[in-house]
Amino acid sequence: MDFLIYELTAKAIHLGERAKGNLFKPCVQTIPYSAITGALMHRFSQAGEGGIKAVGFLDESVGRNRVELLTYSPRDRVVEISKIPLQVEFLSDVLATVLVIANEATLRFPERFQIVLGGMRSHGFGSAGLKFREKRPAGSPRPGLLRVRLPEEEAAAFGIIKVQTPVFGYLFKPAPGTHSGVYVRALFEGSRVVGPEMLLQPQKR
Amino acid sequence: MPRDLVPELHDVLKLTTLKHNFSDFDPYRSFAPSTPTWRGVLQHHCNKEFPAYPSDRDTFLLHAADGLAANFSRHAQSIQGEAEWTVHRLWNPRRVCDDERLSRPDQIREMLEFLGTDPSFAEFYSRYERVFRARSEDARPGMNITTLETHVRLAGRFYRFLRQASTLAVTDEEARTAADHGVQGVGDLLKRKCQEWRLHLLHCRVRLLTNPFRARDLNIFAALQEFLAEVNGTLGDNVLFSSTEELLLYSDTLDVLTSLRQLAAPKGIVLEVCRDLQRADMFSPNFRKPEFDILYPVLDASLAPPLCEICQMKQATRVWPDDYMALKGAEAEVSGGGRDLLCETCFSIRSRPSQLQKLAHWDEWAAGNVIWIRFGLDFFRLRTILGKLYLDYLRSFDPHTPEEKASVRFSLIAEFQHDYESCLADMRNRIIQKFGGERVEQILPDLFCIQAQAGTDAFVVLRCFLDSMNGFFPAFLGDVGSPLKVSLAYAGVKHPFFEIWRHWQAQEDELEIVAVGHGRLQLELRHLEKFLRLADHPFRQSALHNLAEISRVSQQLAELRFRSAEEKGERETFARLKEFLPLGLTFDGILTLAKLARG
């Protein structure tokens, strides 16, 4: 199995969790399978269902991926009043790595392209550029801590051969051809797995 | 009918100045009780220096429990010197106790007579608490690092555990047959059993699934306390250490994980478990081959929307506040707008009546600020630091003591826990004394919210912490480092606590101050005293204000101004602020300090 490695850059993205207490909408600090795969599927709809599988993680470059807050008040246009102000957390100056499983569909991706990722798009968030870096074999699996989020059912597709201690969460899985879907159990960052080096946190020396 | 053997009373002779091996006991022989507990006192050793040895299952298990609870490995003894009858606290060597042992014949007779009434441990302890707290478990030099109280309580736990442990069986017949072969027979049986017996050591880190997003969600901390009380209640004899963040347990089977999961799940709590399987004769707080588990509630493979907005781990089946109002009728009190979709667990936690009455009141005080402060503890760091302190102590007797001699045992951890809890209580009292009860909301024994009138109140809280640390753990303010962690946040009363909480989860520094909207500073606790002394100086307010205001436009410009300090009025203030730089503060930290110090 090979991964296509892309560099993702964006001015600001909001990869949201659910709003908390109608006051605060946190932003996840990774690029989950559901977000990046959904965005790529939307961009390359001709790839077909199941043709694209991708995950991502934020790079640790100094000064990049800053967590910032935007306060805004959604306006109810019917009654012409503003609702309670909502604080939205977002990432600015984003630099991330996206790993796409190489297959017939994904190998046709261009060297550079734009996608729209995450939420708050009407406020200018989410426009991201992807630049192809290299194609690299997944390599021999090793034990380590996962640095991406992906559905449990997709673990094998990414070369994860064993899940030792899962850190669970849920990711949204859209039902094809509808605006609905289900939440599927997923492996989150910090899960102990045996899998490809690229999906794992760097080993501390 | 006599009471069953009370294991905690096996070392009562250590409360006196009599020799532990009964060699000078003859004058008191007529006062010796004839109870199972006294049999434990007589027979819990297996050594030719002692007149008796374990003769049945109970005394055999007591002998085994005594070894597990000892503050040293029975196999590694060598230091010679004068006996130290009082305890030397590694973290507080200045705290010296008087030798409280019973020395007068009438005192010893009275104790034996009382023991003859077959008291419970609680009854006996209430009468001899001072001696239990002052007497070292082992008086040999270098070994006097735990109190007798800690040892006997721990031995009691191990004894009850060994009696009930399904996989560590010793039959009465085995024990009696061994006793027929004398000291050698019992010693051989213990050696064989301790090599056969396997114990699981489990370190559990507590994680909250129900994060505190609204004030009512702070009920999760009440649920956390209930959980800890239930663990200490139902699994009390398996608990070796507990704080609000961590638990250390042991068991002979992994069924304990099921029990923990059953207690944690309804409270919205997940446990991250690190476990190690150890031989009983090598049982120690070191995880040699750790394995990991996370104890979640039952999680479905897929969930239909909507997802619970708090935990995001269950389907949301409740609507807040609609369902709450329908449930409570006219009694329902709901503040704040908006609707939340919640799972049953998060809904039940939010629906509890809040114990935090003051905080609810402050929420209406829109102009105000609060200080959130949490005192955390890291068990693994604690173990390492105690090892270093113990090595230093042993090397004060013999500079060539090898590192492996300074092994940290469970009794030392338990001893620490006793002082840790006292330290937290002391901190609470100091904070209440400084701010007044009306301005302090205690959320957990180690988590407080304080109504603040100025940013400098943060320094007052830290002074309380420092004073308590000086009283209980002065060694942790030295170069050896601290297993205790302080997290302080200065924020508007309406600022979501969740953000602060989330930030605290990732804190690695010993002390971190977050001034929400202004910045943060990190500090090692060894510098805290100097930091507070410097922070106490009156700063020129206009200089601090200028610095803070310039930083709003450009942090680089503010740093330039700070470094050059050309304005006459700023020179002295900035020079004083520069004294913080050797303490490891960055410019960001200095700026945060300046913003707090200006009020």
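Let's start with A:Val98. Which residues does A:Val98 touch, leaving out those up to four places away in sequence? The answer is A:Tyr6, A:Leu8, A:Ile31, A:Ile36, A:Ala54, A:Gly56 and A:Leu130. Keep in mind that this is a predicted model.

A:Val98 also turns up in the largest nonpolar core. That core holds 216 residues. Six of its members touch the most other members. From chain A they are A:Ile13, A:Ile36 and A:Val98. From chain B they are B:Ala65, B:Ile371 and B:Val461. So A:Ile36 appears twice in this story: as a contact of A:Val98, and as one of those six. Which element gives this core its largest share? Helix α14 of chain B, residues 410–435, with 11 residues. As background, nonpolar side chains in soluble globular proteins tend to be buried together.

Now chain A as a whole. It has 205 residues, and 36% of them are buried. How many helices and strands does it have? One helix and 15 strands. Next, its contacts. Take those between residues at least 6 apart in sequence. Of these, 70% join residues at least 24 apart.

On to where the two chains meet. Chain A puts 20 residues into the contact, and chain B puts in 22. On the chain A side, two elements give two or more residues: β13 (168–174) and β14 (181–187). Which of them gives the most? β14(A), with four residues. By class, the chain A side has 11 nonpolar, four polar and five charged residues.

Stay with β14(A) for a moment. Two bridges join it to strand β6 of chain B, residues 302–303. How do these two strands run, parallel or antiparallel? They run antiparallel. For a place to look, find A:Val184, which stands opposite B:Ser302 in β6(B).

Last, chain B. The domain assignment gives domain 1 (7–195), domain 2 (197–355) and domain 3 (369–536). Two of the core residues named earlier can be placed by number: B:Ala65 falls in domain 1, and B:Ile371 falls in domain 3. How far apart are the centres of domain 1 and domain 3 of chain B? Taken over C-alpha atoms, 35 Å separate them. These two domains do touch: 23 residues from domain 1 of chain B meet 22 residues from domain 3 of chain B. The domain 1 side of that contact divides into 10 nonpolar, 10 polar and three charged residues.

Methods
Residues are numbered from 1 along each chain as its sequence is written. Chains are lettered from A and ligands numbered from 1 in the order in which they are written. This is a predicted model: local features need pLDDT of at least 70, side-chain atom pairs count only at pLDDT 80 or more; totals for chains, interfaces and linings use all residues. Domain bounds come from an automatic or database domain assignment. Two residues are in contact if their C-beta atoms, placed from the backbone, lie within 7 Å. Ala, Val, Leu, Ile, Met, Phe, Trp, Tyr, Cys and Pro count as nonpolar, Asp, Glu, Lys and Arg as charged, and the others, Gly among them, as polar. A nonpolar core is a set of buried Ala, Val, Leu, Ile, Met, Phe, Trp, Tyr and Cys residues joined through C-beta atoms within 7 Å. A residue is buried if 20 or more other C-beta atoms lie within 10 Å of its own, exposed if 12 or fewer, and partly exposed in between; C-beta atoms are placed from the backbone. Two strands pair if DSSP finds at least two bridges between them.
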